[in-house]
Amino acid sequence: MKNLIFFALILMGKFCAAQNDYKNTIDESMSRLVVSFPNPLINFQYERKINEEMSVLAKTGLAFSIGASGLVSNGKVVSQVSSLSSLEYRYYYNKKRRQRQGKSIRNFSAWYIGLEPYLKSNSIASINEGKRINNGSAGVFLNLGVQKQSSKNLYGAFYIGYAPFATKLSAYNDATGKLERLLLNFSLGIVL
């Protein structure tokens, strides 16, 4: 009986230690399926650890521009769909402080500064609106954000980005108006 109690205490100690280690685990790579708003975006993300404070995040997915204009669409919702790909280099500047405070740093759950070159294609589909052939863009966003992964593989993030460098894919089309230079997004997803 004493051996059984001793064995149970050892297992409980290992279990508790494993729970604590889980909060501090950063996988070499992680994949996510994410939905972002208010700038609608459905994407697949792959994040790879570079070192203890840096990672690279590849994103690819669909971007939606949604609006309603009484003059153009007779009160209907109009939308354009484009593909969007980017490669973001992130530096997690408060990871060590979070770790010292006993907070979770699971898969880079921390604040970050990022540099994100992106490519948004011309429209590939439209709803209640003529498809715009030459409305793609390319550029670089500077991002400030925070991300968190829960113990149940749920993912949440918030970021704000500014694009000091952006250009249209076609120099001959002025129909798209201004380029998106500022992004403010909330993201929810699941870690695969």
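**Exercise 1.** In this predicted model, determine whether Ile-124 is buried, partly exposed or exposed, and then describe its surroundings.

*Solution.* Step one: the relative accessible area of Ile-124 is 46%, so this residue is classed as partly exposed, given that the class in between runs from the 20% limit for buried to the 50% limit for exposed. Step two: Ile-124 is placed in the loop that joins strand 5 to strand 6 (125-127). Step three: once residues within four places in sequence are set aside, the contacts of Ile-124 are Leu-62, Val-81, Ser-82, Ser-83 and Lys-131. Step four: for one of these contacts, Ser-83, the C-alpha atom is separated from that of Ile-124 by 7.5 Å, although the two residues stand 41 residues apart along the chain.

**Exercise 2.** Characterise Phe-108 by its location, its accessibility, its backbone and its contacts.

*Solution.* Step one: Phe-108 sits in the loop between helix 3 and strand 5, and its relative accessible area of 0% makes it buried. Step two: most residues other than glycine have a negative phi. Phe-108, by contrast, has a positive phi near 65° without being a glycine. Step three: leaving out neighbours within four places in sequence, the residues in contact with Phe-108 include Ile-26, Met-30, Glu-47, Lys-49, Tyr-92 and Gln-147. Step four: Phe-108 belongs to the largest nonpolar core, whose eight residues are Ile-26, Met-30, Tyr-92, Ile-105, Phe-108, Ala-110, Tyr-112 and Tyr-159. Apart from this core lies another, made of five residues, among them Tyr-118, Ala-163, Ala-166 and Leu-183.

A second residue invites the backbone question again. Asn-153 also has a positive phi, of about 65°, and is not a glycine; its position is the loop between strand 7 and strand 8, where a relative accessibility of 30% makes it partly exposed.

**Exercise 3.** How many aromatic pairs does the whole structure hold, and how are the rings arranged in the pair of Tyr-92 and Phe-108 and in that of Tyr-118 and Phe-141?

*Solution.* Step one: a search of the whole structure yields five aromatic pairs. Step two: the ring centres of Tyr-92 and Phe-108 are 4.4 Å apart and their planes stand at 15°, so this pair is stacked. Because Tyr-92 lies in the loop between strand 4 and helix 3 (95-100) while Phe-108 lies in the loop between helix 3 and strand 5 (111-120), the pair ties together parts that are 16 residues apart in sequence. Both partners are buried. Step three: for Tyr-118 and Phe-141 the centre-to-centre distance is 5.1 Å and the angle between the planes is 35°, an arrangement that counts as tilted. This second pair links distant parts of the chain, with Tyr-118 in strand 5 and Phe-141 in strand 7 (residues 137-149), 23 residues apart. Step four: Tyr-118 is buried at a relative accessible area of 11%, and Phe-141 is likewise buried at 5%. Step five: Phe-37, Phe-158 and Phe-186 are joined into a cluster by ring pairs.

**Exercise 4.** Locate Asn-185 and Val-140, and set their accessibilities and contacts side by side.

*Solution.* Step one: Asn-185 is in strand 9 (residues 182-191), whereas Val-140 is in strand 7. Step two: a relative accessible area of 2% makes Asn-185 buried, while the value of 21% for Val-140 places that residue in the partly exposed class. Step three: not counting residues up to four places away in sequence, Asn-185 touches Ser-36, Phe-37, Pro-38, Asn-39, Ala-157, Phe-158 and Tyr-159. With that exclusion applied to Val-140, the residues it touches are Leu-115, Glu-116, Pro-117, Tyr-118, Tyr-162, Ala-163, Pro-164 and Phe-165. Step four: the C-alpha atoms of Val-140 and Leu-87 are separated by 9.7 Å, with their positions 53 residues apart along the chain.

**Exercise 5.** Which residues line the largest cavity, and which strand gives the most to its lining?

*Solution.* Step one: the structure holds one cavity of 30 Å³ or more, and the largest cavity contains about 60 Å³ of space. Step two: the lining consists of Ser-36, Asn-43, Gln-45, Lys-59, Glu-88, Arg-90, Tyr-112, Asn-143, Tyr-155, Ala-157, Tyr-159 and Ser-187. Step three: these residues divide into four nonpolar, five polar and three charged. Step four: strand 2 (41-49), strand 4 (77-91) and strand 8 (154-168) each supply at least two lining residues, and strand 8 gives the most, with three.

Definitions and conventions:
Residues are numbered from 1 along each chain as its sequence is written. This is a predicted model: local features need pLDDT of at least 70, side-chain atom pairs count only at pLDDT 80 or more; totals for chains, interfaces and linings use all residues. Side-chain values use heavy atoms; hydrogens and water are left out. A nonpolar core is a set of buried Ala, Val, Leu, Ile, Met, Phe, Trp, Tyr and Cys residues joined through side-chain atoms within 4.5 Å. Buried means under 20% relative accessible area, exposed over 50%, partly exposed in between (1.4 Å probe, protein chains only). Contact means heavy atoms within 4.5 Å. On a 1 Å grid over the protein atoms alone, a cavity is a set of points where a 1.4 Å probe fits but cannot get out, and a pocket is an open set with protein on both sides within 12 Å along at least five of seven lines; lining residues have an atom within 4 Å of a point. Grid points are joined across faces, edges and corners, and a volume is the space filled by probe spheres set on the points. Helices (H or I, at least four residues) and strands (E, at least two) are DSSP runs, numbered from the N terminus. Ala, Val, Leu, Ile, Met, Phe, Trp, Tyr, Cys and Pro count as nonpolar, Asp, Glu, Lys and Arg as charged, and the others, Gly among them, as polar. Rings of Phe, Tyr and Trp (its six-membered ring) pair if their centres lie within 6.5 Å; planes under 30 degrees apart count as stacked, over 60 as edge-to-face and the rest as tilted.
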